[in-house]
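User: Please take a close look at one helix crossing in this model, then set that part in its chain. I am a first-year student, so explain the terms as you go.

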Amino acid sequence: MKGFFTDTTLCIGCKACEVACKQWNQLPDDGFNFTGLSYDNTGHLGSSTWRHVSFVERPVPLGGTLSSFSWLMMSDVCKHCARAGCLEACPTGAIVRTEFGSVYVQPDICNGCGYCVSACPFGVVDRRGDDGRAWKCTLCYDRLKADLTPACAKHCPTGSIQYGDLVELRVKARSRVEELHAQGMGEAYLYGADPESQPGTGGLNAFFLLCDRPEKYNLPPDPVVPTKKVRRSWLSMGAAAVGLAALTLAAVVTP
Amino acid sequence: MPGLGISFGRGGATTFQQDLKNADVIVIQGSNMAECHPVGFQWVMEAKARGAKIVHVDPRFTRTSAMADLYVPLRAGTDIAFLGGIIRYILENDRAFKEYVVNYTNAPVIVSDDYADPEDLEGFFSGWDAASGEYDTETWKYADVGDMPAAGHKEVVPKGVPPKVRGLDITHRKSDPSLQHPRCVYQILRKHFARYTPEAVADICGVSPEKFLKVCEWLCENSGPDRTGAFCYAVGWTQHTVGVQYIRSAAIIQLLLGNIGRPGGGIMALRGHASIQGSTDIPTLFNLLPGYLPMPHANHDNLSEYLRINSAGAGFWSEYPAYFVSLMKSWFGEAATEETDWGFRWLPAISGDHSHMTTVADMAQGKLRGYFVIGENPVVGSSNGAYHREGLRKLEWLVVRDFALTETAEFWRTAPEIASGEIRPEEIGTEVFFFPAATHTEKDGSFTNTQRMLQWHHKAVEPPGDCRSDLQFTYELGKRLRELYADSTIDRDRPIRALTWDYPELKPGEPDAEAVLAEINGRDLVTGKPLQKYAQLKRDGSTACGCWIYAGVYANGVNQAARRKPAREQHWVAPDWGWAWPDNRRILYNRASAAPDGKPWSERKRYVWWDEEAQKWTGYDNPDFIADRPPAYRPILGAAGLDAISGVDPFILQIDGKGWLYAPAGLLDGPLPTHYEPEESVVENLLYRQQCNPRRLEWHTSSNPYHRAFADPRFSCVLTTYRVTEHHTAGGMSRWLSWLSELMPEMFCEVSPELAGKRGLVHGGWATISTARGDIECRVLVTRRLSPLRVRGRTVHQIGVPYHWGYTGRVRGDSSNDLLAFVADPNVHIQESKALTADIRPGRRGRVRRAAVHGFPARPELGPPRDIVGLRPFKQQPLQHDPAKE
């Protein structure tokens with residue numbers, strides 16, 4: 001099982017990951033729009049942006065520093081959830097779990113129905129305007145097959161994006177949190193590192209070290225895969241059907 | 001880089017980026033390292049992970065500040081006051097690394113009785129000549145020693161020709177190792193920096209004393225035998241009218257704290273492009289030959305005069321004739337003989353300033369016929385772009401070699417004054433030749449990176465279409481010139497005919513880049529073998545070498561720059577990756593990593609040491625010293641040349657072997673850094689009556705108007721320019737690429753919420769920024785990363801503008817450098833782009849863009865003088881060319 005550990009305390013916001021990803025995967029640009037959102041002009045993950053760096057300017061210091069201001073940067077990516085909503089929602093079988101544990105959309109099978117788009121609790125999967133198919137990070141499946149590191153992790157100059165074996169990454173990440181706590185950055189914590197802390201997704205194969213609430217980074221605080229609620233939905237629906245039937249019966253039977 | 005060259009002997013970073021991880025404190029100032037050198041910044045992050053303190057001092061909170069333990073905002077253009085404050089703190093609190101300072105710097109040396117300090121002369125050093133506006137450096141000398149040459153910045157030509165090589169009497173200098181003598185350098189320093197108190201720093205820079213003292217304390221507590229600290233700087237320090245002195249200030253701090261030549265120490269000069277270090281080593285500068293050898297000057301009548309002026313009585317510059325003669329042998333081959341003065345007379349002799357800005361000003365006056373622009377986009381990248389275009393319009397021909405039709409190539413077609421109809425293309429007589437260039441992946445060659453390391457790149461793909469390498473272009477140009485002059489018998493054409501110009505061609509027209517590297521490395525002309533190191537160079541014409549500091553890059557006939565042994569297969573210094581000049585040394589002056597007795601200062605900072613048994617220097621790096629000279633060696637009185645280098649002289653290029661806290665020669669604007677306000681400032685100089693560097697260079701023309709010296713009511717904000725990660729300098733390598741352009745699509749400015757509120761600027765809206773030179777428009781980014789500063793009781797607002805955009809390319813915008821004036825540092829003629837004054841107002845500019853060049857000159861503002869009245873002559877231009885003399 002492979003994945004990413006993205007340590008946002010090491011991110012310098014250089015966007016090398018965004019460019020390396022686009023270059024390797026030959027993705028088109030998103031248009032040339034000045035957004036005014038700090039240094040972020042690509043906005044969010046989408047069909048043509050599979051790595052995206054967000055910038056958060058805060059008038060509060062980061063623990064352990066003497067500055068009165070802080071600027072958080074985070075390279076966001078598909079989380080390759082242990083329980084992937086997109087995969088479970090896909091009616092054609094285009095989305096599969098690969099031998100590396102990643103979630104992969106097979107472009108030759110995808111029919112562009114878009115069910116996966118609404119099934120992703122992170123808003124990662126997106127359909128492309130021109131061909132209508134769904135696209136997202138592949139964890140560089142083609143590179144992994146050739147025993148190469150995914151392009152983004154390969155180009156990250158500071159080791160903010162770390163690729164590797166998930167078990168090892170989790171150990172590394174936990175000790176990094178302890179290290180940061182010892183340095184006075186008490187706010188550091190892991191997001192989605194295991195099923196226990198994020199039952200809604202069963203844990204993320206691409207998890208993060210954050211220093212503020214998830215919402216600050218445009219991440220949901222408690223993501224839940226929609227299919228996780230299937231049983232409850234069906235039960236509710238059943239109960240509703242039974243109730244309706246009872247009401248109908250009552251209406252007919254009662255004189 | 002005379003700032004480093006004067007202080008230590010060589011104009012290059014004293015250390016390498018990988019070594020930053022060994023630092024215990026890193027001060028990044030005048031650089032936005034995380035954004036502009038993101039790959040090298042990993043070593044700062046590594047240091048941080050190991051527990052080092054990271055300090056970032058900058059007018060803006062940048063991505064570098066976001067990674068720092070302490071961010072210190074300061075007013076742009078006041079770094080000397082800040083650094084001078086640190087120097088004072090070290091001296092007054094007795095925090096210097098005494099044993100290092102006494103042995104390895106010129107702190108104990110007694111200075112001439114005639115020297116007088118700005119402390120007593122209202123901001124001037126002794127020797128100022130009000131008539132010429134220049135310093136006579138006579139009074140700055142060491143006591144009891146005659147005129148002596150500086151190791152760095154040798155291109156400064158002394159007046160007159162000395163009767164013999166200068167500095168032969170260097171061993172006669174007087175010293176006071178107790179540092180108590182009132183005229184010793186240490187005490188002069190104390191007096192000079194006495195005014196730079198924490199309160200003065202607060203008042204000038206707008207830095208709170210708490211933050212300032214924290215920086216001082218972190219620096220001091222992380223220096224000494226067991227700990228080291230490093231400084232990183234870039235053009236945020238150099239591009240000022242006192243740029244060289246900024247770097248000198250850092251050099252003084254690092255020498256006082258004993259941080260030069262030691263692991264985790266040093267001054268990391270971060271160069272702006274992939275091979276900018278290379279382009280000063282083998283220069284594209286008007287006054288230097290390869291290896292920092294000065295160009296012959298019209299004042300030098302013959303070779304012996306030239307050699308006498310440039311040789312030093314002691315240290316490795318005493319071998320100057322060997323470096324020069326070998327260069328001539330490399331260029332002119334057999335034709336360079338003792339009888340022909342090795343071809344000395346064939347070199348052009350310069351008679352004055354032919355630097356970039358002077359050339360453009362000359363161009364605007366119609367004095368130039370043609371201009372080559374290769375790998376540069378000066379219309380966007382240099383100050384006062386409109387003035388540049390005025391110059392280009394007056395040329396007969398212009399050659400541009402680039403990847404795309406840059407603004408410089410398109411100045412006649414899409415420039416703002418063309419778009420507005422002020423100038424019509426048919427009125428421009430300049431013939432423009434555009435040559436598409438091959439990128440580095442499409443050709444073989446080397447980069448000399450920021451840490452003096454050459455790394456070879458092999459051609460990966462063929463260049464498309466008509467794109468060709470610069471090497472091919474230059475080689476072909478040379479071949480055709482030689483054909484034109486082949487039959488000439490005129491003496492002045494001799495150099496072109498005598499030039500060695502016979503590189504093997506890999507395919508027709510494409511010369512072998514490795515053959516050029518081999519030529520630069522040089523060879524022994526007797527055996528024909530490649531040189532191994534520069535110490536082998538001879539002055540009798542038996543060696544040829546294209547650049548003496550690069551000797552060894554092709555040692556054993558192997559391209560050493562192409563070595564790529566991974567770091568994990570060698571020790572941390574990684575000497576088998578690429579090749580660094582000189583002699584593959586990664587930390588310069590590393591003799592200083594050992595105590596005077598030759599033993600490491602501490603186990604933790606062990607690097608190079610004296611091996612008593614083998615009787616030679618050894619260590620992790622190539623020792624930067626005479627290999628077998630014992631630490632106990634002392635020269636006899638009157639010793640000269642290499643014999644004068646004592647066992648405790650780590651700075652072997654310096655005439656006295658010491659790090660120069662005080663520069664007795666070589667600089668044009670003073671032996672010590674002094675705080676002057678930028679050409680255009682918001683406040684008067686708090687420390688001296690003299691407002692600006694009296695030696696600065698100005699260009700007085702209607703196309704280049706200046707603001708008031710300070711407090712100009714029309715231009716009340718401080719403006720600073722910079723780069724962002726997403727773009728490359730003037731945009732030639734990024735604005736044509738969609739993946740980079742989408743990340744930073746539009747020209748913008750950064751302002752604080754306070755300034756936005758005051759001026760009615762709307763976040764995401766438009767603003768127009770003005771100076772007397774012109775207007776630009778840009779989008780507004782209101783951010784808390786900029787904050788107003790309190791300076792002398794006043795609130796100072798700063799505006800930040802990146803300079804990447806222009807009028808061609810995939811994403812376009814106004815060029816912020818159109819706001820800048822021509823004004824320069826005297827030592828290196830660099831523009832002042834990092835601190836000026838400007839005005840900002842909401843909304844877009846008019847369709848016809850206001851520019852001084854096109855008859856919109858601002859009213860000349862007399863205002864308060866920049867100079868003490870009567871002490872500085874008015875010069876229209878830095879140097880009036882006298883055609884008779886040329």
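Analyst: The crossing of helix 15 and helix 17 of chain B is left-handed (left-handed if the near helix is turned anticlockwise from the far one by less than a right angle, right-handed if clockwise). Helices (H or I, at least four residues) and strands (E, at least two) are DSSP runs, numbered from the N terminus. The model is predicted: local features need pLDDT of at least 70 and side-chain atom pairs count only at pLDDT 80 or more, while totals for chains, interfaces and linings use all residues. Residues are numbered from 1 along each chain as its sequence is written, and chains are lettered from A and ligands numbered from 1 in the order in which they are written.

Helix 15 covers residues 356-364 and helix 17 residues 385-393 of chain B; they pack at an angle of about 55 degrees, with their axes 7 Å apart. Axes are lines fitted to C-alpha atoms, for helices over the stretch in contact, and angles run from 0 to 180 degrees between N-to-C directions. The two helices are therefore oblique to each other (under 35 degrees is roughly parallel, over 145 roughly antiparallel, 65 to 115 roughly perpendicular, and the rest oblique).

From helix 15 of chain B, B:Val360, B:Met363 and B:Ala364 make the contact; from helix 17 of chain B, B:Tyr387, B:His388, B:Glu390 and B:Gly391 do. Two residues are in contact if their C-beta atoms, placed from the backbone, lie within 7 Å. By type, the contact residues are four nonpolar, two polar and one charged (Ala, Val, Leu, Ile, Met, Phe, Trp, Tyr, Cys and Pro are nonpolar, Asp, Glu, Lys and Arg charged, and the others, Gly among them, polar).

Now the chain around this pair. Chain B has 23 helices and 31 strands. Of its 886 residues, 56% are buried, meaning that 20 or more other C-beta atoms, placed from the backbone, lie within 10 Å of a residue's own (12 or fewer is exposed, in between partly exposed). Helix 8 (residues 198-205) of chain B has B:Val201, B:Ala202, B:Ile204 and B:Cys205 buried. These buried residues pack against helix 5 (79-92) and helix 9 (209-221) of chain B. After helix 8 comes B:Gly206, with a positive phi near 75 degrees.

Chain B also touches chain A: 36 residues of chain B are in contact with 30 of chain A. Elements giving two or more residues to that side of chain B include helix 3 (41-49) and strand 26 (774-782). That side divides into 19 nonpolar, eight polar and nine charged residues.
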